[in-house]
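Work through the exercises below with the model open. Each task is followed by a stepwise solution.

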Amino acid sequence: MHTKTSSLKTKLLKVAAPVALACAFAAAPTVAMAKDAPTTVPMVSSHQITAEQQHVASEIGKIQQELAAIRVKTLKANPQLITEMKAYETAFNNKVKALGYQPEKLIKRAQEIQVEATKKELSNDKRTELVKEFTTIRTTLEKQQRTILNDPAISKQDKQVQDDVINAMKKQDSKTADLLKQLDQLVMQFKK
């Protein structure tokens, strides 16, 4: 949350964290449930869902990488955007400090949870606990972001930076609009 340079970046990060966490959590509970399953039919269904989620997550990752590459090229070609983004980042960070938020600590803990969640020996109870903690962190960060963006000056600056970066990306690479549309569709599919 300390480097909110554009809503596009925010959007990409918001998508990445739940997707990564879902992938980390998806396989292990299925394996644990398999021990208690009376038949193999529910397991087959669980594996298909997991495989589909992993495929969608992989596609989201590919699109995010492609958009990030376009964004880098766009910023190199438009140094005025970097200046605009830095001004926004400074305003955003000043608001974070003024409100006494410490998002770095929450983000660090969320990253630790993602690493911990990939451990195969993790019990279902601990995994459930981690999911709850991660959800609480994400909710807290989202509330803090909404509070900051409720400031009309910050909100206006956020929208302007987002519009300027996305418009420049569209000029830089004609695939940008299609990639953003695909990303939105995949995120909706992943949430189903």
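This is a predicted model.

**Exercise 1. Classify Gln53 and Gln64 by burial, and find a sequence-distant partner for each.**

Step 1. At 25% relative accessibility, Gln53 counts as partly exposed, because that class lies between the 20% and 50% cut-offs.

Step 2. Place Gln53: helix H2, residues 41-77.

Step 3. Look across the chain from Gln53. Lys191 is 138 residues away in sequence, yet the two C-alpha atoms are separated by 9.1 Å.

Step 4. Turn to Gln64, also a residue of helix H2. Its relative accessible area is 14%, so Gln64 is buried, the cut-off being under 20%.

Step 5. Gln64 pairs with Leu179: 115 residues apart in sequence, 8.6 Å apart from C-alpha to C-alpha.

**Exercise 2. State the helix and strand content of the protein chain.**

Step 1. Count the elements. There are seven helices and zero strands.

Step 2. Write the order along the sequence: α-α-α-α-α-α-α.

Step 3. Add burial. Of the 192 residues, 34% are buried.

Step 4. Add contact range. Take contacts between residues at least 6 apart in sequence; 80% of them join residues at least 24 apart.

**Exercise 3. Check the length of H3 and find its buried side.**

Step 1. H3 covers residues 79-99, which is 21 residues. The expected span at 1.5 Å a residue is 30 Å, and the end C-alpha atoms give 31 Å, which is close.

Step 2. List the buried residues of H3: Leu81, Met85, Tyr88, Phe92, Asn93 and Val96.

Step 3. Test whether they share a side. Their arc around the axis is only 135°, so they lie on the same side of H3.

Step 4. Recall the helix geometry. With 3.6 residues a turn, residues three or four places apart point the same way.

Step 5. Inspect the face turned away from the buried side. It carries the exposed residues Pro79, Thr83, Lys86, Lys97 and Ala98.

Step 6. Look just past the end. Gly100 follows H3 and has a positive phi, near 75°.

**Exercise 4. Repeat the analysis for H7.**

Step 1. H7 has 16 residues, 176-191. The span should be 22 Å at 1.5 Å a residue, and the end C-alpha atoms are 23 Å apart, which agrees.

Step 2. Its buried residues are Thr176, Leu179, Leu180, Leu183, Leu186, Val187 and Phe190.

Step 3. These cover an arc of only 125° around the axis, so they sit on the same side of H7.

Step 4. Lys181 and Met188 are exposed on the other side of H7.

**Exercise 5. Describe how H5 packs against H4 and against H3.**

Step 1. Choose the descriptors. Two packed helices are described by the angle between their axes and the distance between the axes.

Step 2. H4 (residues 103-117) and H5 (residues 124-149) pack at about 150°, with axes 10 Å apart. H4 is therefore roughly antiparallel to H5. Their crossing is left-handed.

Step 3. Find the residues in contact. Among them are Leu106, Ile107, Ala110 and Ile113 of H4, and Leu130, Phe134, Ile137 and Leu141 of H5.

Step 4. Move to H3 and H5. Their axes come within 10 Å and cross at roughly 110°. These helices are therefore roughly perpendicular. The crossing of H3 and H5 is right-handed.

Step 5. Tyr88, Phe92, Lys95, Val96 and Leu99 of H3 make this contact with Thr147, Ile148 and Leu149 of H5.

Notes
Residues are numbered from 1 along each chain as its sequence is written. This is a predicted model: local features need pLDDT of at least 70, side-chain atom pairs count only at pLDDT 80 or more; totals for chains, interfaces and linings use all residues. Side-chain values use heavy atoms; hydrogens and water are left out. Helices (H or I, at least four residues) and strands (E, at least two) are DSSP runs, numbered from the N terminus. The expected span of a helix is 1.5 Å times one less than its number of residues. Buried means under 20% relative accessible area, exposed over 50%, partly exposed in between (1.4 Å probe, protein chains only). The arc is that of the directions from the helix axis to the C-beta atoms. Axes are lines fitted to C-alpha atoms, for helices over the stretch in contact, and angles run from 0 to 180 degrees between N-to-C directions. Angles under 35 degrees count as roughly parallel, over 145 as roughly antiparallel, 65 to 115 as roughly perpendicular and the rest as oblique. A crossing is left-handed if the near helix is turned anticlockwise from the far one by less than a right angle, and right-handed if clockwise. Contact means heavy atoms within 4.5 Å.
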